[in-house]
Amino acid sequence: MENSSAERKQQLALDIADGNDPSDAAKNPDGRTKLQGLFKQLSLLDRYLYVWIFIVMAVSIIFGYYVKGVKKAFQVAEITSVSLPIAIGLWVMMYPVLCKVQYEILGGVLRQAGSLKTISLSVVLNWIVGPALMTGLAWATLPDLPDFRTGVILVGIARCIAMVLIWNDLAKGDADYCAILVAINSILQIILFTPVALLYLKVVSRGKGFHVSSWTVAKSVLLFLGVPLVAGVLTRLILMNAFGRKWYESKFLRFIGPWALIGLLYTIFVMFSIQAHQIVDNIGHVVRVAVPLLLYFGILFFGSLGICRWLKVPYPLMVTQCFTAASNNFELAIAVAVGSFGIDSTQALAATIGPLIEVPVLLLFVYIVGFFQRKGPSV
């Protein structure tokens with residue numbers, strides 16, 4: 001999208017990274033004026049996104065804890081053990097991003113030199129390094145909490161096919177490459193989730209009570225990725241043919257752009273409202289569960305960043321690779337935990353803590369990677 005608020009926000013972060021801090025601005029009034037102008041151009045939603053996320057998280061937990069009947073109201077209808085309001089939020093969140101993907105050039109992207117190397121790296125990071133790292137961290141930090149440990153391991157096995165599109169878009173990653181990796185992870189998720197989960201939960205951890213079928217995973221992928229993906233493809237195909245590319249990119253994409261972040265905030269509100277009592281009543285365990293999750297996101301993200309810099313991967317592809325590796329499919333992890341252990345189980349609570357930590361941490365990473373872009377295309 002041309003001149004989108006997300007792009008202006010990224011440019012603002014990069015200008016700050018370039019040294020336009022208050023001390024420099026005092027020496028250079030023009031730089032200060034430029035910085036203030038860029039900040040004013042951002043929408044209110046984009047300008048204080050991190051503030052809105054923390055406010056929504058806090059309000060939703062307070063709301064869900066003190067207002068009676070919230071959990072029952074939000075769970076009046078479910079899809080594959082996930083609340084229908086959460087599913088709607090995920091669809092609204094993903095639809096604008098999937099409308100921006102240039103599906104017509106994906107074949108050419110796949111044929112580009114080096115694409116096999118970057119895709120192979122993504123598969124290794126997602127399906128070998130990620131689950132093994134999360135299992136190791138869960139055992140190292142939660143040796144006396146087997147049920148919470150199981151939920152954390154489920155989060156590590158469920159590779160992201162949804163919110164990574166948001167993080168990639170905010171950080172100005174390659175949308176087309178991200179769409180390819182999401183598609184690959186979706187297929188591999190259907191094939192590998194069950195055997196990988198059985199390996200780490202039953203063989204490595206010697207756990208009991210875990211039951212999940214490939215169809216359970218397939219339903220989650222089809223509903224939470226397939227529905228908005230089909231909607232995005234059809235929207236792009238029909239509207240571009242009817243009104244032209246210029247109108248589609250300058251008018252339509254600009255109109256639906258804010259929906260992604262609104263959907264994100266709405267999803268956070270519903271999700272944390274439902275689990276408010278579990279979070280507050282188990283706050284000590286919540287803090288402990290946060291430890292392996294924080295270590296996991298940090299190690300995997302910055303490890304991927306280091307590998308990409310060593311391989312001289314261009315910035316847009318590097319961003320996509322890092323966020324794809326570090327993000328997780330919380331809706332699938334929650335659905336599997338609920339289906340296997342029950343809605344009020346500690347395993348389901350641990351899976352819910354995943355996005356509680358992931359959302360603010362990956363938002364922080366969005367701002368951090370912006371500082372690298374000025375160093376050149378090979379950073």
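## G64 in helix α5

G64 is found in helix α5, which covers residues 49–66, and in this predicted model G64 is buried, with a relative accessible area of 4%. Because buried means under 20% relative accessible area, the value of 4% for G64 places it in that class.

Leaving aside neighbours within four places in sequence, G64 is in contact with V70, S273, A276 and H277. A further pairing links G64 to a remote part of the chain: the C-alpha atoms of G64 and V270 are separated by 8.8 Å, although the two residues are 206 residues apart along the chain.

## The chain as a whole

The protein chain has 19 helices and 2 strands, and buried residues make up 53% of its 379 residues. Among contacts between residues at least 6 apart in sequence, 84% join residues at least 24 apart; the pairs described for G64 and, below, for L264 can be read against that background.

## Helix α14, L264 and the packing with α7

Helix α14 spans residues 245–274 and holds L264, a residue that is buried, with a relative accessible area of 1%. When residues up to four places away in sequence are not counted, L264 touches I53, M93, M163, I166 and W167. L264 and V92 are 172 residues apart in sequence, yet their C-alpha atoms are 8.2 Å apart in space.

How are α7 and α14 arranged, in terms of angle and axis distance? Helix α7 (residues 84–100) packs against α14 at an angle of about 155°, with the two axes 7 Å apart, and that angle makes α7 roughly antiparallel to α14, since angles over 145 degrees count as roughly antiparallel. The crossing in which α7 passes α14 is left-handed, and by class the contact of these two helices has 20 nonpolar, 4 polar and 1 charged residues.

## Helix α16 against α9

Helix α9 (residues 115–141) and helix α16 (residues 283–310) pack at an angle of about 150°, with their axes 10 Å apart, which makes α9 roughly antiparallel to α16. The crossing of α9 and α16 is right-handed.

On the α9 side the contact includes L121, L125, V129, L133 and L137, while on the α16 side the residues that they meet include V291, L295, I299 and I307. Classified by residue type, the contact of α9 with α16 has 16 nonpolar, 3 polar and 1 charged residues. An α-helix has 3.6 residues a turn, so residues three or four places apart point the same way. Among the α9 residues in this contact are L121, L125 and V129, and also G130, L133 and M134.

## Helix α16 against α17

The axes of α16 and α17 come within 8 Å and cross at roughly 150°, which makes α16 roughly antiparallel to α17. The crossing of α16 and α17 is right-handed. In this contact Y296, F297, L300, F301, S304, L305, C308 and R309 of α16 meet M318, Q321, C322, F323, A325 and A326 of α17, and the residues involved divide into 11 nonpolar, 2 polar and 1 charged.

Several α16 residues serve in both contacts: Y296, L300, S304 and C308 are listed for the contact with α9 and also for the contact with α17.

## The length and burial of α17

What span should helix α17 have, and how far apart are its end C-alpha atoms? At 1.5 Å a residue, the 12 residues of α17 (residues 315–326) should span 16 Å, and the end C-alpha atoms are 16 Å apart, which agrees. The expected figure follows because the span is taken as 1.5 Å times one less than the number of residues.

Helix α17 is mostly covered, with 10 of its 12 residues buried. The buried residues are Y315, M318, V319, T320, Q321, C322, F323, T324, A325 and A326, and among them M318, Q321, C322, F323, A325 and A326 meet α16.

## Two loop lysines with positive phi

K172 has a positive phi of about 60° although it is not a glycine, and its place is in the loop between α11 (164–170) and α12 (175–204). K172 is partly exposed, with a relative accessible area of 27%.

K312 is found in the loop between α16 and α17, and its phi is near 55°, a positive value in a residue other than glycine. Is K312 buried or exposed? K312 is exposed, with a relative accessible area of 59%, a value that falls in the exposed class because exposed means over 50%.

Key. Residues are numbered from 1 along each chain as its sequence is written. This is a predicted model: local features need pLDDT of at least 70, side-chain atom pairs count only at pLDDT 80 or more; totals for chains, interfaces and linings use all residues. Side-chain values use heavy atoms; hydrogens and water are left out. Helices (H or I, at least four residues) and strands (E, at least two) are DSSP runs, numbered from the N terminus. Buried means under 20% relative accessible area, exposed over 50%, partly exposed in between (1.4 Å probe, protein chains only). Axes are lines fitted to C-alpha atoms, for helices over the stretch in contact, and angles run from 0 to 180 degrees between N-to-C directions. Angles under 35 degrees count as roughly parallel, over 145 as roughly antiparallel, 65 to 115 as roughly perpendicular and the rest as oblique. A crossing is left-handed if the near helix is turned anticlockwise from the far one by less than a right angle, and right-handed if clockwise. Contact means heavy atoms within 4.5 Å. Ala, Val, Leu, Ile, Met, Phe, Trp, Tyr, Cys and Pro count as nonpolar, Asp, Glu, Lys and Arg as charged, and the others, Gly among them, as polar.
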